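Got your viewer open and a hand on the mouse? Let's take a walk through this protein, one selection at a time.

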Amino acid sequence: MTDTDVAPVRLAPGDPAPEFTLPDADGNPVSLASHRGRRVIVYCYPAALTPGCTTQAVDFTAAAGDLAEAGLDIIGISPDPPEKLLRFREKEELRITLLSDPEKQVLAAYGAFGTKKLYGKEVVGVIRSTFVVDAEGRIEKAAYNVKATGHVAKLRRDLGLG
């Protein structure tokens with residue numbers, strides 16, 4: 001068995017959230033540790049400026065105020081370079097933190113990069129996933145292969161935020 005045959009490791013509630021420091025859309029480093037003491041929604045998405053990812057980012061931006069009031073910060077991670085994230089943020093008027101993981105190391109650590117089905121074919125890529133990290137840095141919720149449309153509304157319901 002080669003390492004390309006290995007399915008991504010899936011995180012589960014209670015697991016420590018993998019630490020990271022990645023550049024944001026402005027090139028500034030952002031770390032998970034800097035959010036300690038608050039809950040964080042970490043969501044992994046395939047590509048900025050694509051229809052599904054835009055829907056998801058716009059929905060998270062619309063919910064950001066309510067989520068912040070409930071003590072939740074939002075961090076989106078994709079393999080896109082910071083310059084593309086900046087264009088995405090400006091074009092869609094996003095008010096959430098977008099981080100760049102071109103090496104896909106953080107995405108892989110979260111089990112959000114690996115083999116997935118796309119239009120009936122197996123491909124290797126980013127697996128759209130969402131995690132809620134508690135104030136101590138542990139996984140509270142982990143959802144893999146989420147749908148872009150309606151996901152934020154479902155997450156709000158799951159978190160008891162209506």
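Before the first click, one bit of vocabulary: a residue is called buried when its relative accessible area is under 20%, exposed when that area is over 50%, and partly exposed in between. Also keep in mind that you are looking at a predicted model.

**Stop 1: a loop with a twist**

Select Leu 49. You'll find Leu 49 in the loop between β3 and α1. With a relative accessible area of 33%, Leu 49 falls between the two cut-offs, so it counts as partly exposed. Now check its backbone: phi is near 65°, a positive value in a residue that isn't glycine.

**Stop 2: along helix α1**

Move on to helix α1, residues 51–69. Its 19 residues stretch 28 Å from the first C-alpha to the last, close to the 27 Å expected at 1.5 Å a residue. Turn the helix sideways and look at Ala 63: α1 bends there by about 50°. Keep going past the end of the helix to Gly 71, which follows α1 and has a positive phi, near 85°.

Next, colour the buried residues of α1, including Thr 54, Gln 56, Thr 61 and Ala 64. What do the buried residues of α1 pack against? Show the strands β3 (39–44), β4 (72–78) and β8 (129–133), then the helices α2 (82–92) and α4 (151–158), and you have the set.

**Stop 3: Cys 53**

Stay in α1 and pick Cys 53. The UniProt record, an unreviewed entry, lists Cys 53 under "active site". Is Cys 53 buried or exposed? Its relative accessibility is 2%, so it counts as buried. Leaving out neighbours within four places in sequence, show what Cys 53 contacts: Tyr 45, Pro 46, Ala 47, Phe 88 and Arg 128.

**Stop 4: into the core**

Now click Phe 60, another of the buried residues of α1. Ignoring residues up to four places away in sequence, Phe 60 touches a whole list of others, among them Ile 41, Tyr 43, Ile 74, Ile 96 and Leu 155.

Phe 60 also belongs to the largest nonpolar core, which has 22 residues. Together with Ile 41 and Ile 96, Phe 60 is one of the residues with the most contacts inside this core. Which elements give two or more residues to this core? They are β3, α1, β4, α2 and α4. The top contributor is α1, with 6 residues. Apart from this core lies another one, of 21 residues; to find it, select Phe 20, Tyr 110, Val 133 and Tyr 144, which are among its members.

**Stop 5: salt bridges**

Time for some charged side chains. The whole structure holds 8 salt bridges, and we'll visit a few.

Start with Arg 89 and Asp 26, whose side chains meet at 3.0 Å, N to O. This pair ties together distant parts of the chain: Arg 89 sits in helix α2, while Asp 26 is in the loop between β1 (21–23) and β2 (29–31), 63 residues apart. Arg 89 is partly exposed at 23%, and Asp 26 is partly exposed too, at 46%.

Then select Arg 156 and Asp 66, whose closest N and O atoms are 3.1 Å apart. Here the link runs between helix α4, home of Arg 156, and helix α1, home of Asp 66, with their places 90 residues apart in the chain. Arg 156 is buried, at 17%, whereas Asp 66 is partly exposed, at 39%.

One more: Asp 80 and Lys 84 form a salt bridge, with 3.3 Å between the closest N and O atoms. Asp 80 is buried at 7%, and Lys 84 is partly exposed at 21%.

**Stop 6: out to the surface**

Finish with two exposed residues. Glu 93 is in the loop between α2 and β5 (97–100). It has a relative accessible area of 61%, so it counts as exposed. Check its phi as well: about 55°, positive although Glu 93 is not a glycine.

Last, jump to Val 124 in strand β7 (residues 121–126). Val 124 is exposed, with a relative accessible area of 59%. Try a distance label from Val 124 to Phe 113: their C-alpha atoms are separated by 7.3 Å, and the two residues are 11 apart along the chain. Setting aside neighbours within four places in sequence, Val 124 is in contact with Phe 113, Gly 114 and Thr 115.

Conventions:
Residues numbered from 1 in each chain as written. Predicted model: local features only at pLDDT ≥ 70, side-chain atom pairs only at ≥ 80, totals over all residues. Heavy atoms only, no water. UniProt positions renumbered as here; feature names shortened; annotations may be inferred. Helix = DSSP H or I, 4+ residues; strand = E, 2+ residues; numbered from the N terminus. Buried < 20%, exposed > 50% of the residue type's maximum accessible area, 1.4 Å probe, protein only. Contact = heavy atoms within 4.5 Å. Expected span 1.5 Å × (residues − 1). Bend = angle between axes of the 7 residues up to and from the residue. Salt bridge = Lys/Arg side-chain N within 4 Å of Asp/Glu carboxyl O. Core = buried A, V, L, I, M, F, W, Y, C linked by side-chain atoms within 4.5 Å.
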